[in-house]
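Open your viewer and keep the selection panel at hand. This tour moves from stop to stop and says what to select at each.

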Amino acid sequence: MNQWTPVAEARRLILSRIKPINGESWVPLRDALGCVLSRDIVAPFNVPGHDNSAMDGFACRAADLSAEKDTALRVVGDSFAGHPCTQSVDSGQCVKIMTGAQIPIGADIVIPQEETHTGDAGEIIIVSSERKVGTHVRAAGEDLRRGDAALSAGQLCHPAEIGLMASLGIVEVPVKRKLRVAFFSTGDELKSLGDTLIEGEVYDSNRHTLAAMLQQLGIKATDLGVVADEAAALAETLDAAAAHHDVIITSGGASVGEADFIRPVLAERGEVLFWKVAMRPGRPLAYGKVGNADFFGLPGNPVSVMVCFYQFVRAALWKRAGRIGDGMLPTIPAITLAPLKKAPGRTEFQRGIMSPKQDGNWTVRSTGDQGSGILSSMTQANCFIVLEDSRGAVTTGETVQIQPFEGLVG
Ligand code: AMP
Ligand code: MG
């Protein structure tokens, strides 16, 4: 049992060998979505650029107002978004102001329209209330301060980052080059879509699963097809892939069967780590280098491919792409609705169905048969149930950790 490598140890060993890619380019703002920033983005000015109103109402001086009785103020001008008021506000005066409009000089508070009414002589009556300086005023620089790093190198550009850079007037964005990933399947029994299956053959589903998982991470990858269980073919494909890619991912042929050539072929190409990871599904896992490319040899079973991708490869791609953060899947607690089979000694990533409870917590139950070839367990599931090494059988009502599938994108 103890020659098996614990999941956390395998992950640590892989990540310690992954180096972020170099290379940067400048792309138009809209093209930066899904790219990793190669430098900090420094705010060239304050955002917002000036104190402005958070409400439609009246800008005035807080010191004029009373908590005990209503206050009458004379309107001396208007301030609209894009049309500031040049008039300053003295004691006893106010300026009519709209949301986003600049706070006039002298004013330090905005009173929302609903807390006012107009007096007989056209003056504005402010209803008595406890009021603090700065209420309903958005301070200059409260979003971003000039000279501060508004975004950090290594951050991925989501819609919010795009919008934030636009608010800074940024037209071109410094980004890391995109990762180049290649993948292929190994196995003489595999047929590509469109081919007719004869007895003993299966369609190569892993390649399509891998392509889809990579695509959801924003990675355009090269599909190198099916490679036969043959050392020379494997060696040739690996070398060609390594010349043009940062990462190579394969499925199948990673164990020690007679038709498993990943191990000997990789051994000729330098440093290779092979593990029997103490996990289920997905025990045999290979990681190594082919030239400058990182190589991941995933097991052939379709569920193992997905589990290994999300538990190991995803974080490695994250680091290789130069992203900050660890790329680990978020884990939350859930209460089991039914017993779960489990033997101590390895981590299991069971497929589960999570549902919300009325109190805001989560419950989870198994999808049923947990065989590593049963891909329908993944389509029925909406989370992994992570049962740690030391854990034995789980009874109803126990708390377990789950990783929601929602959010596996990006
Ligand atoms: P292997 O790791 O090569 O021993 O494969 C383990 C199991 O996964 C076998 O039943 C294979 O037929 C199956 N398998 C391997 N590669 C694929 C693939 N690309 N698509 C679907 N099933 C596969
Ligand atoms: Mg095989």
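Helices (H or I, at least four residues) and strands (E, at least two) are DSSP runs, numbered from the N terminus. Select I126, which sits in strand 9 (residues 124–126). Buried means under 20% relative accessible area, exposed over 50%, and partly exposed in between (1.4 Å probe, protein chains only). I126 has 1% relative accessibility, so it counts as buried. Add A62 to the selection: its C-alpha atom is 11 Å from that of I126, though 64 residues separate the two along the chain.

Before going on, two notes on the ground rules. This is a predicted model, where local features need pLDDT of at least 70 and side-chain atom pairs count only at pLDDT 80 or more, while totals for chains, interfaces and linings use all residues. Residues are numbered from 1 along each chain as its sequence is written, chains are lettered from A and ligands numbered from 1 in the order in which they are written, and side-chain values use heavy atoms, with hydrogens and water left out.

**Backbone stops**

Move to H136. It lies in the loop between strand 9 and strand 10 (137–138). Its phi is near 60 degrees, a positive value in a residue other than glycine. Is H136 buried or partly exposed? With 29% relative accessibility, H136 counts as partly exposed.

Next, select V47 and P48. The peptide bond between them is cis, with omega near -10 degrees. P48 belongs to the loop between strand 2 (41–42) and strand 3 (52–53). Then jump to R280 and P281, also joined by a cis peptide bond, with omega about -5 degrees. P281 is in the loop between strand 19 (279–280) and strand 20 (284–290).

**The ligand**

Select ligand 1 and show its surroundings. A residue is near a molecule if one of its heavy atoms lies within 4 Å of it. There are 13 residues around ligand 1, and E189, D204, S205, N206 and G253 come nearest. By class, this shell has three nonpolar, eight polar and two charged residues. (Ala, Val, Leu, Ile, Met, Phe, Trp, Tyr, Cys and Pro count as nonpolar, Asp, Glu, Lys and Arg as charged, and the others, Gly among them, as polar.)

Now check distances. A polar side-chain atom of N206 is 3.2 Å from a nitrogen atom of ligand 1. The side chain of S185 has an N or O atom 3.4 Å from a ligand 1 nitrogen. From G253, a backbone N or O atom lies 2.9 Å from an oxygen atom of ligand 1. (A polar contact here is a pair of N or O atoms within 3.5 Å.)

**Aromatic stops**

Show the rings. The structure holds four aromatic pairs. (Rings of Phe, Tyr and Trp, the last by its six-membered ring, pair if their centres lie within 6.5 Å; planes under 30 degrees apart count as stacked, over 60 as edge-to-face and the rest as tilted.) Y287 and F296 make a tilted pair, 5.3 Å centre to centre with 50 degrees between the planes. Both are buried.

F349 and F384 pair edge-to-face, at 6.4 Å and 75 degrees. F349 lies in strand 23 (residues 347–356) and F384 in strand 25 (residues 383–387), so the pair ties together parts 35 residues apart in sequence. Add F405: F349, F384 and F405 form one aromatic cluster.

Last, select W318 and R323. R323 lies over the face of W318, 3.4 Å from the ring centre. (A charge sits over a ring if NZ of Lys or CZ of Arg is within 6 Å of the ring centre and within 35 degrees of the ring normal.) R11 lies over the face of F312, at 5.8 Å from the ring centre.

Note on methods:
Polar contact = N/O pair within 3.5 Å; in protein donor to acceptor, adjacent residues only side chain to side chain.
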